[in-house]
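Please examine the protein shown below and follow the path that this explanation takes through it. The account begins inside the protein and then turns to a metal site, a helix and several individual residues.

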Amino acid sequence: MKLSRFLLLVLFASSSVAQVTVIKAGRLVQPDEGTVATDQVIVIRANKIEAVGPGLAIPAGANVIDLSQMTVLPGLIDCHTHLADGKFGEGDPVFQLQKSASQTVLESVRNARVTLESGFTSVRDVGVYRALNDVALRDAINRGDIVGPRMFVAGAYITITGGAGAMTGMAPDIQLPWDFHYGEANSPWEVRQKVRLLAHNGVDQIKVLSSGAVLTHGSDPKSQEFTPEELQAAVDEASHFGLRVAAHAHSAEGIKNAIRAGVASVEHATMIDDEGITLAKQHGAYLDMDIYDEECIEEQGRNGTMPADFLEHDRQLGELQRQNFRKAVKAGVKLSFGTDAGVCDYGTAGKQFVFMVKYGMTPMQAIQAATSSAADLLGRTDQIGSVKSGKFADLVAIAGDPLKDVGLLENVQFVMKDGRVFKQK
Ligand SMILES: [Zn+2]
């Protein structure tokens with residue numbers, strides 16, 4: 001066969017297999033514009049949105065999905081997950097030592113599936129106990145071997161020795177395997193070396209720990225961990241690889257050090273003060289505040305699965321974080337939707353919407369936090385976060401109006417990712 005004829009055949013074959021799907025949307029939420037359009041037609045070719053508008057012609061042979069009685073939204077995005085840490089409900093992180101890395105990541109297959117089925121078509125996964133389990137999970141999803149959201153992963157926690165992202169709570173003479181302390185760093189140059197290593201291993205963002213943590217033994221959420229110099233080294237080095245930095249911070253100083261260093265987002269931001277709120281606005285940093293998971297920490301406290309020192313760390317912080325979330329909303333700080341999935345069970349992240357509205361957001365603002373704003377934080381507004389031509393065909397749908405009752409987003413009835421339907425009730 002001549003080469004040109006062969007090429008023609010290949011071209012013909014690939015264009016004829018590109019499946020066209022048309023969705024008839026009764027209502028369509030466009031979070032980037034803050035609008036809701038009615039009676040829209042969404043034309044999808046393969047995994048991308050080709051056209052959106054009223055009364056578009058339906059291409060011959062298209063697979064038509066009738067959602068004319070439903071509200072369609074872009075796929076939801078959780079900006080703070082830990083999908084690759086294995087089965088939910090282990091309580092104490094030291095139980096991670098009772099399993100091999102492959103057991104843990106295989107247990108995580110369910111976490112990925114239920115996250116997607118609950119309407120979250122993308123997640124920013126911000127750290128894992130066993131380094132690079134998240135990379136393996138992401139790649140298995142991208143190959144189509146398993147079902148899950150688009151994962152943007154951190155590879156490991158970059159943390160001080162014994163810090164918020166370290167595996168702690170063992171006797172001092174226990175030697176941990178390499179993957180449990182992969183991101184340990186104790187100077188600006190060690191931080192840079194970890195960033196280089198993670199970039200080489202194909203991560204999508206960098207996670208640093210700027211203050212102590214609630215759910216880590218021997219850690220104090222009110223403390224400062226990395227110094228300003230170490231945080232600046234992380235942000236600068238990450239920028240050389242085109243990577244953004246997410247900083248865990250509960251304490252007011254930890255938050256401000258991270259914002260001044262130029263991180264893309266502060267995770268938790270529990271004890272943020274007025275100066276921190278002003279700095280976040282000035283620097284355009286996102287606050288990614290997990291204001292729902294206090295419910296799960298308290299529940300696990302009641303049923304005895306949460307270690308006592310974690311409950312002691314958490315005392316009064318839950319309500320303080322919610323009041324500071326309200327302040328941040330009022331001040332007009334950029335806020336993204338992040339739940340710390342893994343503290344609550346996977347697949348329940350949608351429960352945070354009601355809390356975001358209870359603490360000061362409009363339903364549209366809460367939806368924006370989980371769509372257009374989340375895409376902005378990820379640097380991927382050209383791919384996800386709204387229903388526009390050229391973007392990935394990631395969509396969810398519900399019966400009813402989420403702008404009247406944002407709690408409807410806890411139970412989405414339709415999920416499409418990459419043009420493929422994963423749930424339809
Ligand atoms: Zn977390």
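Which residues lie nearest the centre of the largest cavity? The model is a predicted one, and in it His82, Tyr129, Leu215, Asp340 and Val343 hold that position, within a lining of 47 residues. Elements that give two or more residues to this lining are β8, α8 (294-302), α9 (308-314) and α10 (317-331). The volume of the largest cavity is about 770 Å³, and the count of cavities of 30 Å³ or more comes to 4. By residue class, the lining of the largest cavity divides into 18 nonpolar, 18 polar and 11 charged residues.

Two of the residues named above, His82 and Asp340, return at the metal site. The zinc ion has as its protein donors His80 through NE2, His82 through NE2 and Asp340 through OD, at 2.0 to 2.3 Å. Along the chain these donors follow the spacing H-x1-H-x257-D. The pair His82 and Asp340 therefore links distant parts of the chain, being 258 residues apart, and each of the two can be classed by its accessibility. His82 belongs to the loop between β5 (76-81) and α2 (101-117), whereas Asp340 belongs to the loop between β12 (335-336) and α11 (352-358). Because its relative accessible area is 8%, under the 20% limit, His82 counts as buried. Asp340, at 9% relative accessibility, is buried for the corresponding reason.

The loop that holds His82 also contains Lys87. Lys87 has a relative accessible area of 48% and is therefore partly exposed. Setting aside neighbours within four places in sequence, Lys87 is in contact with Lys99 and Glu107. The C-alpha atoms of Lys87 and Glu107 are separated by 5.5 Å, although their positions lie 20 residues apart along the chain as a sequence separation.

Helix α10, which contributes to the lining of the largest cavity, is the place of Asn324. With a relative accessibility of 5%, Asn324 counts as buried. Its contacts, not counting residues up to four places away in sequence, are with Thr270, Met271, Ile272 and Met289. Asn324 and Asp273 are 51 residues apart in sequence, yet their C-alpha atoms are 8.0 Å apart in space.

The largest pocket offers about 240 Å³ of space. Its lining consists of 15 residues, and Met167, Met170, Ile174, Leu176 and Glu184 lie nearest its centre. The lining of this pocket comprises 8 nonpolar, 6 polar and 1 charged residue.

How far apart are the end C-alpha atoms of helix α5? They are 19 Å apart, and this agrees with expectation because the 13 residues of the helix, 228-240, should span 18 Å at 1.5 Å a residue. The buried residues of α5 are Glu230, Leu231, Ala233, Ala234, Val235, Glu237 and Ala238. An α-helix has 3.6 residues a turn, so residues three or four places apart point the same way. The buried residues of α5 pack against α4 (188-200), β8 (205-209), β9 (244-249) and α6 (252-261). After α5 comes Gly242, with a positive phi near 70°.

A positive phi also occurs at residues other than glycine. Most residues other than glycine have a negative phi. Asp39, in strand β2 (residues 35-45), has a positive phi of about 50° although it is not a glycine. Ala46, in the loop between β2 and β3, likewise has a positive phi, near 55°. Asp39 is exposed because its relative accessible area, 54%, is over 50%. Ala46, at 39%, is partly exposed.

Asp39 leads to the last residue considered here. Gly55, in the loop between β3 (48-54) and β4 (63-74), touches Asp39 and Val41, not counting residues up to four places away in sequence. Is Gly55 buried or exposed? Gly55 is exposed, because its relative accessible area is 71%. Gly55 and Gly119 are 64 residues apart in sequence, and their C-alpha atoms are 27 Å apart in space.

Note on methods
Residues are numbered from 1 along each chain as its sequence is written. This is a predicted model: local features need pLDDT of at least 70, side-chain atom pairs count only at pLDDT 80 or more; totals for chains, interfaces and linings use all residues. Side-chain values use heavy atoms; hydrogens and water are left out. Donors are N, O and S atoms within 2.8 Å of the metal (3.2 Å for Na, K and Ca); water is not among the atoms, so sites may look incomplete. Helices (H or I, at least four residues) and strands (E, at least two) are DSSP runs, numbered from the N terminus. Buried means under 20% relative accessible area, exposed over 50%, partly exposed in between (1.4 Å probe, protein chains only). On a 1 Å grid over the protein atoms alone, a cavity is a set of points where a 1.4 Å probe fits but cannot get out, and a pocket is an open set with protein on both sides within 12 Å along at least five of seven lines; lining residues have an atom within 4 Å of a point. Grid points are joined across faces, edges and corners, and a volume is the space filled by probe spheres set on the points. Ala, Val, Leu, Ile, Met, Phe, Trp, Tyr, Cys and Pro count as nonpolar, Asp, Glu, Lys and Arg as charged, and the others, Gly among them, as polar. The expected span of a helix is 1.5 Å times one less than its number of residues. Contact means heavy atoms within 4.5 Å.
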